[in-house]
Amino acid sequence: MKSHTTPLKMIAVMLLALGWAPATTMAEPREPGLGEPVAVFAMQRGARSLEEVSKRAQALAEVMLGREVSSEAIQAALSKAERTRAGWHITLPEAAGLRLRYLPQVDELRFLNLDGVSQQVPASAMEEKEAVALVQRHVKELDRRGLIAARHYDLAAPEIGYGRIGGGAIKGGREYEQIVEYRITFLRALNGIPVANDGIRFGVHVSGQLTGMRLGGLTVASVEEDGKELPSAGTFRARTVSTDEIMRQFGASLPQDVKADVAWARVMYVMPEDVEHAVVEPLYVVSHALRYPGEHGETVVSRRKVLGYSMTDPAAAPIDFTAPAIRHDEKSKR
Amino acid sequence: MTSYRLHSVRAVVHAGALFLVGLWAVCSTPAQSVAAGRTYYIDESTDFSGNGCENSDLNDVTSSLRESLDDDGWTGQRWTNVNAWPQDFYEQTFAGLAGLDHLYADSKTLAVYAGHGNRGLLQFGYRRDGRCLVQLNTQARLGTLAGDTAAYAMYVTSCTINLDSLSLHFNNAVRQSFGYHNSPSVKDDQPRDFYEATDDLRNSRAWIEEMEDRPGWFTGDNSPIALTFGLSSSHCSWVADTARLRAGVLLSNAPEPDAWYCYTMFDHGGC
């Protein structure tokens with residue numbers, strides 16, 4: 001977005017200079033202290049034009065394949081894409097092992113490289129740090145191509161999952177278990193605060209081959225000044241609710257005899273699902289499951305719940321990002 | 001005793017047929033392995049409030065799956081909440097359970113439960129005959145005994161296929177089970193998207209690809225796992241590499257007895 005200074009932005013820059021944590025580096029996810037202003041951004045997502053999708057797909061395909069892919073080939077493939085409820089399914093004739101899918105509702109591009117998916121582990125398997133370094137190079141390459149801005153991702157703080165395989169005899173126990181793939185994610189960050197629903201994820205087989213890529217498409221209305229992102233259509237609010245108070249509220253909300261397994265809890269921006277536009281302030285997000293007592297001493301674990309607590313309004317109810325939607329009609333049984 | 005005698009008879013029958021079934025399963029090409037098995041059974045609980053089986057209410061994740069299956073010519077049943085019963089998954093021949101799996105979960109190729117759970121455990125939303133839970137290792141026998149039809153099981157529940165408790169699934173006799181090593185966050189259409197992805201992706205890869213996160217999220221919340229069974233190590237790998245639900249590849253009942261298991265998963269943490 002074009003950068004042009006407005007009074008709001010000037011105030012923002014002053015606030016940043018006075019006390020808001022400097023964002024010259026995004027190496028550490030930051031948690032604003034009490035009284036600090038937090039930036040509120042307008043965000044949007046939605047289907048891109050065919051031309052935009054084509055450009056993004058071409059750049060990702062070239063990184064995946066390690067060779068040039070003609071824009072004509074991508075455009076031709078896109079024009080023939082099978083458009084289903086689950087997205088656009090795109091097949092590239094020149095890369096039979098590559099599966100492309102575009103999810104217009106969330107503006108997300110997904111690549112799966114079936115040629116890279118293998119159960120075989122080479123003798124000299126790539127180590128995790130090598131895989132991270134490889135992915136960091138790819139992010140910079142995507143930056144060079146103008147697809148993303150690498151500075152918007154905290155490249156020093158990857159989130160890493162693992163593709164595992166294993167097996168054994170039913171009566172003999174596990175005979176093998178191996179990591180075959182690294183799942184490396186960089187979340188989009190706004191001045192050090194990650195965005196839950198925007199980022200880039202790479203799958204890297206231990207052979208070094210890329211197995212897949214996911215690229216989110218959230219658009220943040222911001223301008224950049226002095227290495228910081230400022231809201232171009234938002235505002236600032238002061239943090240008034242501490243993390244301790246939020247976690248106390250969270251604990252108090254649990255039903256009697258129910259315990260919570262907190263998978264992660266941190267400050268994040270979360271764009272609500274199923275909307276194209278929203279003004280989003282950072283929340284303290286608690287991703288957790290609940291443990292209910294079942295019958296005969298069993299414990300039952302709920303599916304994941306993701307609650308976002310306001311850091312600026314102590315009276316605000318938490319936002320349940322996993323709340324059930326409408327109920328479907330019941331039919332009588334036999 | 002009756003159930004044991006029945007089990008023994010079935011074991012003899014299966015032993016006699018094992019060689020032929022195994023040979024067919026191993027040697028047949030994917031195209032030849034298509035059986036007339038496009039049938040499904042789905043139970044889903046979303047209402048867990050005040051029905052005797054307390055837990056958090058859930059979003060509906062199988063309506064769109066059923067629509068897609070129906071659109072593709074599959075036939076089956078889907079029951080929800082007060083109409084979804086633990087007994088649907090209980091083995092009919094086990095004493096004291098009043099099991100109905102021969103009519104429901106084990107009467108179709110694809111058996112699905114969506115709700116809450118734990119390791120090897122399913123929790124239904126409404127108490128029926130004093131029960132809310134299904135212990136898969138002691139109360140269910142999908143793909144064998146009464147019913148003997150389920151070839152695939154999908155559990156959209158927390159922790160049901162936890163890596164450290166895989167043996168809780170060894171008494172079923174299905175080709176594959178799909179579930180989670182942790183407590184997942186699942187958006188409404190993800191089971192449908194998994195099914196539709198199996199048009200050209202093998203089930204095991206499609207499951208972990210579709211379920212790693214809610215669409216549009218990058219927080220790595222889910223640890224999906226596809227657990228495959230086979231007569232041998234190589235047969236297990238072959239089933240994992242071959243089976244595709246939507247493409248109709250390998251919809252036939254699983255040969256028994258399973259001797260091997262193999263799994264593939266994305267690990268973002270467990271229960």
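Colleague: How many residues do chain A and chain B each bring to the contact?
Modeller: The model is predicted, and the totals for interfaces use all residues. Between them the two chains bury about 6,400 Å², 46% of it on carbon and sulfur atoms. The contact takes 83 residues from chain B and 73 residues from chain A.

Colleague: How do the residues on the side of chain A that touches chain B divide, given the polar contacts?
Modeller: Across the interface of chain A and chain B, 40 residue pairs are in polar contact, both at pLDDT 80 or more. On the side of chain A, the division is 27 nonpolar, 19 polar and 27 charged.

Colleague: Which residue of chain A meets Lys187(B) in a salt bridge?
Modeller: The count between chain A and chain B is 17 salt bridges. In one with Lys187(B), the N to O distance is 2.8 Å, and the cut-off is 4 Å, so the pair counts. The partner is Asp274(A).

Colleague: Which residue stands opposite Gly167(A)?
Modeller: Strand E6 of chain A, residues 159-169, pairs with strand E10 of chain B, residues 260-267. The sense is antiparallel, over 8 bridges. Opposite Gly167(A), in E10(B), stands Cys262(B).

Colleague: How many residues apart are Cys53(B) and Cys132(B), which form a disulfide?
Modeller: The structure holds 3 disulfides over all chains; in the one between Cys53(B) and Cys132(B) the sulfur atoms are 2.1 Å apart, and the link is left-handed, with -80° about the S-S bond. Cys53(B) lies in the loop between strand E1 and helix H2 of chain B, and Cys132(B) in strand E6 of chain B. The pair links distant parts of the chain, and the separation is 79 residues.

Notes: Residues numbered from 1 in each chain as written. Chains lettered and ligands numbered in written order. Predicted model: local features only at pLDDT ≥ 70, side-chain atom pairs only at ≥ 80, totals over all residues. Heavy atoms only, no water. Contact = heavy atoms within 4.5 Å. Buried area = accessible area lost by both parts, 1.4 Å probe. Salt bridge = Lys/Arg side-chain N within 4 Å of Asp/Glu carboxyl O. Polar contact = N/O pair within 3.5 Å; in protein donor to acceptor, adjacent residues only side chain to side chain. Nonpolar A, V, L, I, M, F, W, Y, C, P; charged D, E, K, R; others polar. Pairing = 2+ DSSP bridges. Helix = DSSP H or I, 4+ residues; strand = E, 2+ residues; numbered from the N terminus. Disulfide = S-S within 2.5 Å.
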